[in-house]
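Thank you all for coming; I would like to walk you through a structure that is new to most of us. Please take a moment with the sequence and the model before I go on.

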Amino acid sequence: MLKLAGTLLALTLPAAALAQPQPDRVPAPALPCGQVVALVTQRGAALVGTGPYTYERLVRDVGFCAIEQTTEPFYGPSADAGQCFLGYRCRDRATEGRRGD
């Protein structure tokens, strides 16, 4: 019985390690551009800090946006570049092509 409990515990530990929550924000200004892009790509969607009090929700592709949204490229700061492509942000299709921000 003890051996069975040990085996069950050994099987559940890796699953628990995989279920750990991701850090809330990716600090883009503190990381190289390629690392930020890799994290967004790996996660599919991530909150990316662009400054001490600013952030953007960036996605890998339109599949991580609402159905009525599309994507637009987002360029932001990183540790090795002032402006680099970090991923895409979701935008409403109705305002696509307009710059109102």
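Let me begin with a definition: I speak of a salt bridge when a side-chain nitrogen of Lys or Arg lies within 4 Å of a carboxyl oxygen of Asp or Glu. By that rule aspartate 61 and arginine 60 form one, with 3.5 Å from N to O, and both partners are partly exposed, aspartate 61 at 34% relative accessibility and arginine 60 at 35%.

Before going further, I should say that this is a predicted model. The average pLDDT of the protein is 82, and 71% of the residues reach at least 70. Please be careful with residues 7–20, where pLDDT stays under 50 and where the model has zero contacts beyond four places in sequence.

How many salt bridges does the structure hold? There are four, and besides the one I have described I will show you two. Glutamate 56 pairs with arginine 89, their closest N and O atoms being 3.2 Å apart, and this pair links distant parts of the chain, since glutamate 56 sits in strand β3 (residues 55–59) and arginine 89 in strand β5 (residues 84–92), 33 residues apart. Glutamate 56 counts as partly exposed because its relative accessible area is 21%, whereas arginine 89, at 13%, counts as buried.

The other pair is arginine 91 with glutamate 72, again a salt bridge, at 3.5 Å from N to O. This pair, too, links distant parts of the chain, with arginine 91 in strand β5 and glutamate 72 in strand β4 (residues 69–76), 19 residues apart. Salt bridges with shared partners join Glu56, Glu72, Arg89 and Arg91 into one network. Within that network, glutamate 72 counts as buried, because its relative accessibility is 16%.

Let me turn to the disulfides, of which a search of the whole structure finds two. One joins cysteine 33 to cysteine 84, with the sulfur atoms 2.3 Å apart, and because the torsion about its S-S bond is about 110 degrees, this disulfide is right-handed. Cysteine 33 lies in helix α2 and cysteine 84 in strand β5, so the pair ties together parts of the chain that are 51 residues apart in sequence. Both of these cysteines are buried.

The other disulfide is formed by cysteine 65 and cysteine 90, with 2.0 Å between their sulfur atoms, and with -85 degrees about the S-S bond the link is left-handed. Cysteine 65 is in the loop between β3 and β4, and cysteine 90 is in strand β5, so parts that are 25 residues apart in sequence are tied together here. Cysteine 65 is buried, with a relative accessible area of 13%, and cysteine 90 is buried as well, with 17%. If you count the bonded cysteines along the chain, the pattern of the disulfides is 1-3, 2-4.

Now to the interior. The largest nonpolar core has 13 residues, and those with the most contacts inside it are Val26, Val36, Val48, Leu58 and Leu86. Two or more residues of this core come from each of α2, β2 (45–49) and β5, and the largest share, four residues, is that of α2.

Which residues of α2 are buried? They are Cys33, Val36, Leu39 and Val40, and they lie on the same side of α2 because they cover an arc of only 130 degrees around the axis. As general background, an α-helix has 3.6 residues a turn, so residues three or four places apart point the same way. Among the elements that cover the buried residues of α2 are β1 (25–27), β2, β3 and β5. Valine 36, for its part, touches Val26, Ala28, Leu31, Val48 and Leu86, residues up to four places away in sequence not being counted.

Next along helix α2 (residues 33–43) is valine 37, which counts as partly exposed because its relative accessibility is 24%. Leaving aside neighbours within four places in sequence, valine 37 is in contact with Phe85 and Leu86, and its C-alpha is 6.3 Å from that of glycine 87, although the two are 50 residues apart in sequence. Just after α2, finally, glycine 44 takes a positive phi of about 90 degrees.

Conventions:
Residues numbered from 1 in each chain as written. Predicted model: local features only at pLDDT ≥ 70, side-chain atom pairs only at ≥ 80, totals over all residues. Heavy atoms only, no water. Buried < 20%, exposed > 50% of the residue type's maximum accessible area, 1.4 Å probe, protein only. Contact = heavy atoms within 4.5 Å. pLDDT = per-residue confidence, 0-100. Core = buried A, V, L, I, M, F, W, Y, C linked by side-chain atoms within 4.5 Å. Arc of directions from axis to C-beta. Disulfide = S-S within 2.5 Å.
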